[in-house]
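Here are some comments on the model you sent, set out as numbered points. Please read them beside the sequence and the coordinates.

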Amino acid sequence: MKMTLRWFGESYDSVSLAQIRQIPGVQGVITTLYDMQAGEDWDAARIAAMKQTVEASGLEVSGIESVNIHDAIKAGLPERDQYIENYISTLEKLGQQGIQLVCYNFMPVFDWTRSDLAKVRSDGSTVLFYDQTEIDKINPETMFSQIDSKSNGFMLPGWEPERMAKIRELFAIYQHVDAEKLFENLVYFLKAIMPVCEKYEIRMAIHPDDPAWSVFGLPRIITSKESLLRMIHAVDHPCNGVTLCTGSLGSNPENDIPDTIRSLKGRIHFAHVRNLKYHRPGCFEEAAHLSRDGSMDMYAIMKALYDIGFDGPIRPDHGRMIWGEKAMPGYGLYDRALGAAYLNGLWEAIEKGEAGK
Ligand SMILES: [Mn+2]
């Protein structure tokens, strides 16, 4: 595996490449052109400049998170083919720059959802928190303004104001899209992009839905081992793979993460590894990475990744906000650096333990 950190670009991130470079064992960043709207055809010169900036710091671009998918593609609207053309063109330009991993999600309207971005823990740190009973009390517009007001002034991925300005319109286009239709639309999209992925060996890595169930009545289709297997078998190509996000899949405690990892051998192209603490069904917080701080066995997760020969990028995903840091919720430097160090430690212990057998 290759340890990486997500980085939103110089204009958007409170964390610098120089800081990331100093985290032991971090080799690259997972980045994006953060101002690109879903459906836009990315500019080749900007991709090249982004790559140059990252490489000048001694890091590599280990992948893109995300190239977002336009809602016309997800909802299967007549104009989807034009947006798929743009997506293919963007992949072509990424491939020409040697960028071979793209993370994306197929959630309608919203990206990830949380009811609180700064829940205070007993140690004084703050974390992202989800409580379904809180979500049930509000409508999507209210949730957007709550999230926006707690973003510490940062634009949050998936919660761009441009997207949220059209929220009613977006809900309307999904009126007749059920889970089956959404899945068909995903397959249609994947079949269309596979030739360009094959040409440049670009690994597409779908991110699971977060949380792993329907929110605000919108269909969600990437929520479990079964749904991930269905997706990779529907378009059975090595470029069609998965971002194994422990926090998203793990929002449903019935998902057995190590078992899911083992069943996806060869098709996990990217991993997000973090811990959650469950409070009750439908309610969890994002704990520190350490196994005993949350409800997940992080050793068992890393061991499963090791056992399937996972050699792709991994990132500590989110972190708590600690030591007074002011950053985008979930994306501060300090706790993600601790997370990276811990995951690297687990990996070294597993490697040496296996070598000594
Ligand atoms: Mn994730």
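The points below take up two helices and one sheet of this predicted model.

1. Helix α4, residues 80-96, has 17 residues and spans 24 Å from its first C-alpha to its last, which is close to the 24 Å expected at 1.5 Å a residue. Directly relevant to its packing, R80, Y83, I84, Y87, T90, L91 and L94 are buried, and because these residues fall within an arc of 120° when seen down the axis, they line one face of α4.

2. The face of α4 turned away from that buried side carries E85 and Q96, which are exposed, whereas the cover over the buried residues includes α2 (44-56), β3 (60-65), α3 (71-75), β4 (101-105) and α9 (179-200). After α4 comes G98, with a positive phi near 75°.

3. In helix α13, residues 298-307, the buried residues are M298, I301, M302, A304 and L305; they cover an arc of only 155° around the axis and therefore lie on the same side of α13. These buried residues pack against α11 (246-249), α12 (257-263), β9 (268-272) and α14 (334-355), and just after α13, G309 adopts a positive phi of about 75°.

4. The four strands of an open sheet follow the order β5-β6-β11-β10 with antiparallel pairing, and its edge strands, β5 (116-120) and β10 (276-280), each pair on one side only. On average, neighbouring strands of this sheet are turned by 35° against each other, direction ignored.

5. Within that sheet, β10 and β11 (residues 283-286) run antiparallel and are joined by four bridges, with E285 in β11 as the bridge partner of K277.

Terms used:
Residues are numbered from 1 along each chain as its sequence is written. This is a predicted model: local features need pLDDT of at least 70, side-chain atom pairs count only at pLDDT 80 or more; totals for chains, interfaces and linings use all residues. Two strands pair if DSSP finds at least two bridges between them. Helices (H or I, at least four residues) and strands (E, at least two) are DSSP runs, numbered from the N terminus. Axes are lines fitted to C-alpha atoms, for helices over the stretch in contact, and angles run from 0 to 180 degrees between N-to-C directions. A residue is buried if 20 or more other C-beta atoms lie within 10 Å of its own, exposed if 12 or fewer, and partly exposed in between; C-beta atoms are placed from the backbone. The arc is that of the directions from the helix axis to the C-beta atoms. Two residues are in contact if their C-beta atoms, placed from the backbone, lie within 7 Å. The expected span of a helix is 1.5 Å times one less than its number of residues.
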